[in-house]
Amino acid sequence: MASEGLTAALAAVLAGQGPSVQSCDSAPAGEPPVPVRLRKNVCYVVLAVFLSEQDEVLLIQEAKRECRGSWYLPAGRMEPGETIVEALQREVKEEAGLHCEPETLLSVEERGPSWVRFVFLARPTGGILKTSKEADAESLQAAWYPRSSLPTPLRAHDILHLVELAAQYRQQARHPLILPQELPCDLVCQRLVVTFTSTQTVWVLVGTVGMPHLPVTACGLDPVEQRGGMKMAILRLLQECLTLHHLVVEIKGLLGLQHLGRDHSDGICLNVLVTVAFRSPGIQDEPPKIRGENFFWWKVTEEDLQSQLLTRLQGSSVVPVNR
């Protein structure tokens, strides 16, 4: 029965879904993590990349005093009570005059758990492109520009990589379409799909407290974890059950994202694919030994699920997380 539950949970996470977060298997030492609140201890930013069939990019001209006249992709901070998609649609309407629908999450960028930016590939569904006659505090205007000939000055050159990422995805999608799942969460946390592979066999790390489950680690907002980034919470959980000095840990990327926004539920849960391997060369048929009783290695025997995992691992079929 436990295996059936794990199979269903892993299949859901690989499909960009997953159960809501009930508890965490690892948390920062000291005081319990406090619930996160937008504008108080976390900031989320949304950004949209639009590419037309003519290979043009939608840009907006900034109205803010410190960057007035420069060009950027439609972007802005989320407001309390919004879902991620609602925030994206509001920012695009305010800055570019267009209605839109997100197609997929393209990238997640973080400066520690308290600042996260969600980058989407999006498509317009209506509205009227904002002109200089409608200039306001949100933007001066919006316009489409050839991807090979963007205007200057740009507010920042970080958008060049994002535009290319969107173009590459359009040409050949590296991961399935992924959109936020609307589920409540109080913290910034990560649900881990930690894998060990050997000769086409895959093991997945499982938490044992309560019903067997994919482990969840809470991110701390203290200066140490803030400086180290969200990977700190992943390494903390792994250090609690594995001897890491003889292992190589690789954080592959995101399989999905959960957030609600309503009812003061400002937390997020990132579903993260992680690999563990031995540093020493040679074939290791068994996963590294677990310390303690709170975790175990689950051998994935369902063929379709194993095939999905291997495909996602070998093709790095995940949403990248950048710092």
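Two residues are in contact here when heavy atoms lie within 4.5 Å. In this predicted model, 13 residues of domain 1 are in contact with 14 residues of domain 2.

**Domains and their interface**

The domain assignment splits domain 1 into four segments, 13-36, 185-215, 228-277 and 288-309. Domain 2 is given as residues 43-171. Taken over C-alpha atoms, the two centres are 31 Å apart. The domains bury about 1,000 Å² between them. Carbon and sulfur atoms account for 71% of that area. Three residues stand out on the domain 1 side: Met230, Leu257 and His259 supply 39% of the area that domain 1 buries against domain 2, more than any other three residues.

Polar links also cross the interface. Between domain 1 and domain 2, 3 residue pairs are in polar contact, with both residues at pLDDT 80 or more. Strand β11, residues 247-259, gives the largest share of the domain 1 side that touches domain 2, with 3 residues. By class, that side has 7 nonpolar, 4 polar and 2 charged residues. The rule finds 1 salt bridge across the interface.

**Salt bridges**

The whole structure holds 17 salt bridges. Two of them are listed here.

| Residue pair | N to O distance |
|---|---|
| Glu86 and Arg262 | 3.8 Å |
| Glu79 and Arg39 | 2.4 Å |

Which parts of the chain does the pair Glu79 and Arg39 link? Glu79 sits in the loop between β4 (75-77) and α2 (84-96). Arg39 sits in the loop between α1 (2-14) and β1 (43-50). The two residues are 40 residues apart, and the pair links distant parts of the chain.

**Backbone features**

Most residues other than glycine have a negative phi, and most peptide bonds are trans. Two sites in this model depart from that pattern. Arg39, in the loop between α1 and β1, has a positive phi near 75 degrees. Arg39 is also the salt-bridge partner of Glu79. The second site is the peptide bond between Thr152 and Pro153, which is cis, with omega about -5 degrees. Pro153 is found in the loop between β7 (141-146) and α3 (158-171).

**Record annotation**

An unreviewed UniProt entry places the feature "domain: Nudix hydrolase" at residues 37-167. Over residues 37-167 the chain is 18% helix and 39% strand. The end C-alpha atoms of this stretch are 34 Å apart.

Note on methods. Residues are numbered from 1 along each chain as its sequence is written. This is a predicted model: local features need pLDDT of at least 70, side-chain atom pairs count only at pLDDT 80 or more; totals for chains, interfaces and linings use all residues. Side-chain values use heavy atoms; hydrogens and water are left out. Domain bounds come from an automatic or database domain assignment. Buried area is the accessible area (1.4 Å probe) that two parts lose on being put together, summed over both. A salt bridge is a side-chain nitrogen of Lys or Arg within 4 Å of a carboxyl oxygen of Asp or Glu. A polar contact is a pair of N or O atoms within 3.5 Å; within protein, one must be able to donate a hydrogen and the other to accept it, and residues adjacent in sequence count only if both atoms are side-chain atoms. Helices (H or I, at least four residues) and strands (E, at least two) are DSSP runs, numbered from the N terminus. Ala, Val, Leu, Ile, Met, Phe, Trp, Tyr, Cys and Pro count as nonpolar, Asp, Glu, Lys and Arg as charged, and the others, Gly among them, as polar. UniProt positions are given in the numbering used here, feature names are shortened, and annotations may be inferred rather than shown by experiment.
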